[in-house]
Amino acid sequence: MNHTDTVRTQTPRTSQREHSTPIFPTSSFVFDDAEHMRAMFADEQEGNIYSRFTNPTVAEFVQKVAAMEGAAAGVATTTGMAAGFASIMALLRSGDHIVSSRALFGSTVALLNQYLPRWGITCTYVDIADIDQWTNAIQPNTKMLLVETPSNPGLDLADLAALGALANSRGLILNVDNTFATPMLQRPLDLGAHLVWHSATKWFDGQGRTMGGVVVGQEDLIKQVYQYCRNTGPSLSPFNAWVLSKSLETLHVRMERHSVHALTLATAIEAHSAVEFVRYPFLPSHHQYDLARQQMSAGGGIVAMCVRGGYDAATQFMDKLTLFTITANVGDTRSIVTHPASSTHAKLTEADRQAVGISQGLVRLSVGLENVEDLVRDVMEALG
Ligand SMILES: *Cc1c(COP(=O)(O)O)cnc(C)c1O
């Protein structure tokens, strides 16, 4: 596995000489005198003022993510959606245009379709893997290329190096949702992206406890995202930052195991007669297998499978599973199963779902860290 260099960005120890990093659950920070307060507000001195702006525990989390992604700077937010929204609202204005892959997380589609048009920001959707479509969709007012790779739940990939080259040749911002890969498996900034955002709720936390989000990238862009968050207030709480920060210390180990378990499961179920197809980036049958091997160091924790027999067969299969919980999350140590067409992507039209491969038989498995033989047996038995 690449990118597992030790990341030791820690807040300075307090007088207690603690080993585990402390939490600073404070709304505000004290000034020595009125002149100190004036100088801090005037940006003449660096430091913490108020936890909506900065907080040491939150800063530690952000610095770790930035180091893992190879980013100059970052901003943490309450949720992944707040991070994605901030990365757009801070940088775009009325009249601007986004080119985005069609295969996106459900709430990201809602942002682009329902909210951004109210402020005059429009979007053209393209097929994630078709670089000609990306190129042809660029208009004079296009400012950003937006992509999620691997996509949720179809596990289609974008060629990040090709998109990075396109963005750089046209002066556009390449903004990547890297939630499914994490920096342990893929580093978009190395391939030409300018911004990367995450739902930290998923593998960063890794144990289904806290919500969180983060945007990292080029310093000039992050400065604007920071100002937007400082003024509009989607700031991460110190407690959640502390949980997430601790979790990052095991991210490389967890992603390696998630990926081994997912590949083992995907391989085992692919030939089952009740399965129409299995989609996993590191399965040789994946239509972008070569690209996956090139830009990712492992396939990640999600397996998409299509059960023969549509909605009834897919949901009956889910109900028979005993080790996979039916819940709206991914990236937990515990295995999870969902039916995207009737849950996360239920608000899309049937035609839009078809366009990104979300059929009624599609089931999304988030493969956890339980005994992998038990997981394979559970899926096999549920398939019958
Ligand atoms: C969950 C998720 C989001 C949204 O993150 P929240 O933390 O739930 O707000 C965005 N993108 C992807 C790929 C996700 O899986």
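Which residues of H14 are buried? The views below are taken from a predicted model.

**View 1. Burial along helix H14, residues 372-383.** The buried residues of H14 are Val372, Leu375, Val376, Asp378, Val379, Ala382 and Leu383. Looking down the axis of H14, these buried residues fall within an arc of 160°, so they line one face of the helix. Glu373 and Glu381 are exposed and sit on the face turned away from the buried side of H14. From its first C-alpha to its last, the 12-residue helix H14 reaches 17 Å, close to the 16 Å expected at 1.5 Å a residue.

**View 2. Packing partners of the buried residues of H14.** Two helices, H10 (251-269) and H12 (310-320), pack against the buried residues of H14. Strands S8 (275-279) and S9 (302-307) pack against them as well.

**View 3. Packing of helix H3 (residues 80-89) with helix H4 (residues 106-115).** The two helices pack at an angle of about 30°, and their axes are 10 Å apart. The crossing of H3 past H4 is right-handed. H3 contributes Met81, Phe85 and Ile88 to the contact, and H4 contributes Ser107, Thr108, Leu111 and Leu112. By class, five of the contact residues are nonpolar, two are polar and none is charged.

**View 4. Surroundings of arginine 102, in the loop between strand S2 (97-101) and H4.** Arginine 102 has 29% relative accessibility and therefore counts as partly exposed. Setting aside neighbours within four places in sequence, arginine 102 is in contact with Tyr125, Val126, Asp127, Ala355 and Val356. Glutamate 148 lies 46 residues from arginine 102 along the chain, and their C-alpha atoms are separated by 9.4 Å.

Conventions
Residues numbered from 1 in each chain as written. Predicted model: local features only at pLDDT ≥ 70, side-chain atom pairs only at ≥ 80, totals over all residues. Heavy atoms only, no water. Axes fitted to C-alpha atoms, helices over the stretch in contact; angles between N-to-C directions. Helix = DSSP H or I, 4+ residues; strand = E, 2+ residues; numbered from the N terminus. Left-handed = near helix turned anticlockwise from the far one by under 90°. Contact = heavy atoms within 4.5 Å. Nonpolar A, V, L, I, M, F, W, Y, C, P; charged D, E, K, R; others polar. Expected span 1.5 Å × (residues − 1). Buried < 20%, exposed > 50% of the residue type's maximum accessible area, 1.4 Å probe, protein only. Arc of directions from axis to C-beta.
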